[in-house]
Amino acid sequence: MDSNRSQHYNFVYEAIPVMFHSQTNQFMKYLERDGTKFLEFWWDHVGERLPEERLSDFKDVACEITPIDQQTKIAIIRLPVPTADREAYYIGLISRPERRFAWVRLPNTSVVCLIRREGDAFPNGTELVELTPSARVVSVGAGPLPEWEAFKQVLLKMVKKG
């Protein structure tokens with residue numbers, strides 16, 4: 001937890017990816033059952049560890065889960081409007097069927113965020129980043145306009161690629 005960063009930032013870059021990558025089935029179960037109540041619980045939990053000036057309102061958070069097939073799902077979480085560079089508009093969670101090679105479990109989750117980015121390299125003011133299971137932030141490239149449907153289409157294309 002980075003106490004120099006906002007609640008918004010810590011929720012996106014630490015809380016959600018750690019839970020989703022490490023406990024995918026449980027995370028999806030609670031997200032499907034409780035939706036934004038589940039997310040708000042974790043939002044508040046992240047906020048408990050931060051100074052007052054780093055807290056932000058949970059207002060306007062929404063989520064939608066889209067089944068792709070019997071074992072693949074996409075969850076999109078809309079976050080409060082970012083107020084700082086690198087805060088996220090959306091988090092996309094992709095859960096695929098578990099795959100194994102011998103006794104090794106292969107990665108079956110992806111966390112993709114549409115984040116606010118300033119600068120000439122980002123014509124729409126956004127960047128797509130992937131948050132890996134090893135907590136790395138990997139740039140996917142300039143992002144679309146910060147609109148729900150545009151982000152959903154990006155995630156659907158990623159699922160089709162495999």
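Glu40 is located in helix H3, which spans residues 36–47; helices here are DSSP runs of H or I with at least four residues, and strands are E runs of at least two, numbered from the N terminus. The model is predicted, so local features need pLDDT of at least 70 and side-chain atom pairs count only at pLDDT 80 or more, while totals for chains, interfaces and linings use all residues. Residues are numbered from 1 along each chain as its sequence is written, and side-chain values use heavy atoms, with hydrogens and water left out.

The interior comes next. The largest nonpolar core (buried Ala, Val, Leu, Ile, Met, Phe, Trp, Tyr and Cys residues joined through side-chain atoms within 4.5 Å) has 29 residues, and Phe11, Val12 and Phe27 are among those with the most contacts inside it. Buried means under 20% relative accessible area, exposed over 50%, and partly exposed in between, with a 1.4 Å probe and protein chains only. Helix H1 gives the most to this core, with eight residues.

The structure also holds seven salt bridges, each a side-chain nitrogen of Lys or Arg within 4 Å of a carboxyl oxygen of Asp or Glu. Glu32 pairs in this way with Lys73, their closest N and O atoms being 2.6 Å apart. Because Glu32 lies in helix H2 and Lys73 in strand E2, the pair ties together parts that are 41 residues apart in sequence. Another salt bridge joins Glu64 and Lys152 at 2.9 Å, N to O. Glu64 belongs to strand E1 and Lys152 to helix H4, 88 residues apart. Finally, Arg117 and Glu127 are both buried, and with Asp85 they are linked in a network of salt bridges.
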